Protein chains: 2
Amino acid sequence: MEFKSLFETYKNAVFQKDIEAFASIFDEDVQVFDMWGQWTYDGLAAWKEMAKGWFTSLGTDRDVVTFDNIQMQETGELATATAFVRFTAVSEKDEELRYLENRLTWIARKKNGKWGILHQHTSGPVDFETMKVILRR
Amino acid sequence: MEFKSLFETYKNAVFQKDIEAFASIFDEDVQVFDMWGQWTYDGLAAWKEMAKGWFTSLGTDRDVVTFDNIQMQETGELATATAFVRFTAVSEKDEELRYLENRLTWIARKKNGKWGILHQHTSGPVDFETMKVILRR
């Protein structure tokens with residue numbers, strides 16, 4: 001399995017709202033600095049709970065994920081990636097409803113030949129005047 | 001030079017407002033996803049400009065940096081770290097004025113025996129209701 005295949009798995013898992021496929025690309029000990037709501041998610045169980053809440057909140061909509069400006073480093077058992085991510089919500093009828101963008105950092109390690117994300121960090125920059133997050137580039 | 005020494009150099013450079021010491025721990029090609037204002041800083045020149053603005057804005061105050069919950073990965077030429085960072089502004093008389101916290105991710109590579117940060121990502125989580133950043137754990 002190539003490290004870069006994690007992008008495709010992430011994208012497909014989110015579109016299908018498939019919790020197990022989503023979880024499959026993360027390490028059991030994953031630590032996530034997520035854009036929303038809490039300082040850290042520690043461990044895969046906590047992260048899967050987040051994903052369940054996310055997928056449920058979409059109702060009959062789906063999130064289409066696209067990655068832009070991917071930059072990767074890889075050496076032996078350690079790999080990293082940075083990218084811009086766009087989440088576009090589409091309706092059952094395939095209408096684009098809304099979108100937002102993130103900045104993404106991944107740190108992954110290889111165990112038994114399989115890459116797992118050990119750390120994910122997503123965010124948007126914050127406007128210093130309003131303290132509000134900027135959701136589009 | 002050990003990878004973990006970058007934390008001490010960062011802390012000292014910020015306290016001293018020493019642009020060159022600050023810049024010394026970053027790679028020429030650094031890409032920064034900073035907490036404030038813009039989507040990305042590409043390259044050391046842009047990042048140094050940010051630091052100049054930051055240090056100047058402090059006036060006679062100084063920022064005391066402390067790192068908490070540091071987690072590191074290192075293998076050959078690639079190393080990563082995650083941490084919580086506290087920036088405490090102190091006056092000339094050493095009074096604590098205010099503080100805020102960040103989540104920090106570093107990706108570094110070794111060139112000619114020297115570690116340089118290739119990617120830095122800092123953020124605070126965003127409250128979903130208000131869209132405002134949360135600045136303290």
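Let me begin with helix 3 of chain A, residues 44-57, whose 14 residues should span 20 Å at 1.5 Å a residue, and whose end C-alpha atoms are indeed 20 Å apart, so the two values agree; the expected span here is 1.5 Å times one less than the number of residues in the helix. Helices (H or I, at least four residues) and strands (E, at least two) are DSSP runs, numbered from the N terminus. Just after helix 3 of chain A, G59(A) takes a positive phi of about 60°.

I should say early that this is a predicted model, in which local features need pLDDT of at least 70 and side-chain atom pairs count only at pLDDT 80 or more, while totals for chains, interfaces and linings use all residues. Residues are numbered from 1 along each chain as its sequence is written, and chains are lettered from A and ligands numbered from 1 in the order in which they are written.

Turning to the two chains, 31 residues of chain B are in contact with 31 residues of chain A, contact being counted where C-beta atoms, placed from the backbone, lie within 7 Å. On the chain B side, strand 5 gives the most, with four residues.

As for symmetry, chain B can be laid on chain A with an RMSD of 0.0 Å by a turn of 180° and a shift of 0.0 Å along the axis, which is the relation of a two-fold axis; the superposition is by least squares on C-alpha atoms of residues with pLDDT of at least 70 in both copies. The same surface serves both copies, since 100% of the contact residues of chain B recur in chain A. Of the residues of chain B, K132(B) comes closest to the rotation axis, with its C-alpha at 2.1 Å.
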